[in-house]
Amino acid sequence: CTDKPLFALARYCHQLKSLTIESDSGLSESAFVRLVQNCHLLDRISIGNEETELTDTFFVQLALNCPLLTKLNVSHAHLSEVGLEALAAHCTKLHSLSFAFGRLDITAQLNASTFSALHELHLLALEMDDASLYALLRRCPNVQELILCQLHDLTETGLAVSILHCP
């Protein structure tokens with residue numbers, strides 16, 4: 001498969017508000033970047049793309065170009081502090097965040113932006129250590145629904161400490 005369908009969406013569908021893409025055909029990260037750079041009205045995005053790992057490059061562009069985002073569901077991504085900070089700082093309306101089948105590498109930052117509108121956080125089948133979970137939960141002071149499932153590298157002690165120190 002090629003990136004042509006995403007390029008066409010980016011070129012002609014500037015009024016797009018919701019996008020769901022489930023694909024195993026190897027769409028490139030650059031095609032997803034171009035899409036969010038041209039579709040500034042997106043408020044709901046769900047991407048399940050097994051062949052492409054979305055990185056901070058995508059998440060920074062998403063944050064800078066889609067400030068109306070309220071719901072983000074992504075699988076097969078590698079998110080670090082850079083992408084997370086961009087999302088927290090620029091997507092202030094984000095109320096639902098879901099990551100699956102990827103990797104989260106997050107560190108605790110003293111002056112980190114928070115996800116103040118976030119009410120739902122779902123973390124499924126991720127490579128994520130104790131420190132990353134703790135740092136993420138510290139940024140989510142208003143989470144009401146938390147789903148944690150098959151978080152690799154997470155210990156029982158790390159989970160307990162993270163939960164006990166939730167804001």
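Ile 47 is found in strand S2, which covers residues 44–49. The model is a predicted one. In this model Ile 47 is buried, because its relative accessible area is 2% and the cut-off for buried is under 20%. What does Ile 47 touch, once its neighbours within four places in sequence are left aside? Its contacts are Ile 21, Phe 32, Leu 54, Phe 58, Asn 73, Val 74 and Ser 75. Not every isoleucine named here sits close by. The C-alpha atoms of Ile 47 and Ile 163 are separated by 28 Å. Along the chain, these two residues are 116 places apart.

Just before S2 comes a loop. Asp 43 is found there, in the loop between H2 and S2. Is Asp 43 buried or exposed? Asp 43 is buried, with a relative accessible area of 16%. Its contacts, again without neighbours within four places in sequence, begin with Lys 17 and Ser 18. They continue with Leu 68, Leu 69, Thr 70 and Lys 71.

Two of the contacts of Ile 47 are Phe 32 and Phe 58. These two rings also pair with each other. Their centres lie 6.3 Å apart, and the angle between their planes is 80°. The pair is edge-to-face. Phe 32 belongs to helix H2 (residues 29–38), and Phe 58 belongs to helix H3 (residues 56–65). The pair therefore joins distant parts of the chain, 26 residues apart. Phe 32 and Phe 58 are both buried.

A second pair involves Phe 59 and Phe 99. Here the ring centres are 5.8 Å apart and the planes stand at 70°, so this pair is edge-to-face. Phe 59 lies in H3, while Phe 99 lies in strand S5 (residues 96–100), so the pair ties together parts 40 residues apart in sequence. Phe 59 and Phe 99 are buried. How many aromatic pairs are there by this rule? The count comes to 3. Ring pairs link Phe 32, Phe 58, Phe 59 and Phe 99 into a cluster.

H3 supplies Phe 58 to the cluster, and Phe 59 lies in H3 as well. Which residues of H3 are buried? They are Asp 56, Phe 58, Phe 59, Leu 62, Ala 63 and Asn 65. Some general geometry helps in reading such a list. An α-helix has 3.6 residues a turn, so residues three or four places apart point the same way. The buried residues of H3 pack against several elements. Among the helices these are H2 and helix H4 (81–90). Among the strands they are S2, strand S3 (71–75), strand S4 (78–80) and S5.

H2 has another partner. Helix H1 (residues 4–12) packs with H2 at an angle of about 10°, and their axes are 8 Å apart. H1 and H2 are therefore roughly parallel to each other. The crossing of H1 with H2 is left-handed. From H1, the contact uses Leu 6, Phe 7, Leu 9 and Ala 10. From H2, it uses Ala 31, Phe 32, Arg 34, Leu 35 and Asn 38. By class, the contact has 7 nonpolar, 1 polar and 1 charged residues. Phe 32 thus has a place in this helix contact and in the ring cluster.

Further along the chain is another helix pair. Helix H5 (residues 130–138) packs with helix H6 (residues 156–164) at an angle of about 10°, with axes 9 Å apart. That makes H5 roughly parallel to H6. Is their crossing left-handed or right-handed? It is right-handed. H5 brings Asp 130, Leu 133, Tyr 134 and Leu 137 to the contact. H6 brings Gly 158, Leu 159, Val 161, Ser 162 and Ile 163. By class, there are 6 nonpolar, 2 polar and 1 charged residues in this contact.

Two loop residues remain. Most residues other than glycine have a negative phi. Ala 125 has a positive phi of about 50°, although it is not a glycine. Ala 125 sits in the loop between strand S7 (120–124) and H5. Its relative accessibility is 12%, so Ala 125 counts as buried. Asp 153 also has a positive phi, of about 75°, and is not a glycine. The loop that holds Asp 153 runs between strand S8 (145–149) and H6. Asp 153 is exposed, with a relative accessible area of 57%.

Conventions. Residues are numbered from 1 along each chain as its sequence is written. This is a predicted model: local features need pLDDT of at least 70, side-chain atom pairs count only at pLDDT 80 or more; totals for chains, interfaces and linings use all residues. Side-chain values use heavy atoms; hydrogens and water are left out. Axes are lines fitted to C-alpha atoms, for helices over the stretch in contact, and angles run from 0 to 180 degrees between N-to-C directions. Helices (H or I, at least four residues) and strands (E, at least two) are DSSP runs, numbered from the N terminus. Angles under 35 degrees count as roughly parallel, over 145 as roughly antiparallel, 65 to 115 as roughly perpendicular and the rest as oblique. A crossing is left-handed if the near helix is turned anticlockwise from the far one by less than a right angle, and right-handed if clockwise. Contact means heavy atoms within 4.5 Å. Ala, Val, Leu, Ile, Met, Phe, Trp, Tyr, Cys and Pro count as nonpolar, Asp, Glu, Lys and Arg as charged, and the others, Gly among them, as polar. Rings of Phe, Tyr and Trp (its six-membered ring) pair if their centres lie within 6.5 Å; planes under 30 degrees apart count as stacked, over 60 as edge-to-face and the rest as tilted. Buried means under 20% relative accessible area, exposed over 50%, partly exposed in between (1.4 Å probe, protein chains only).
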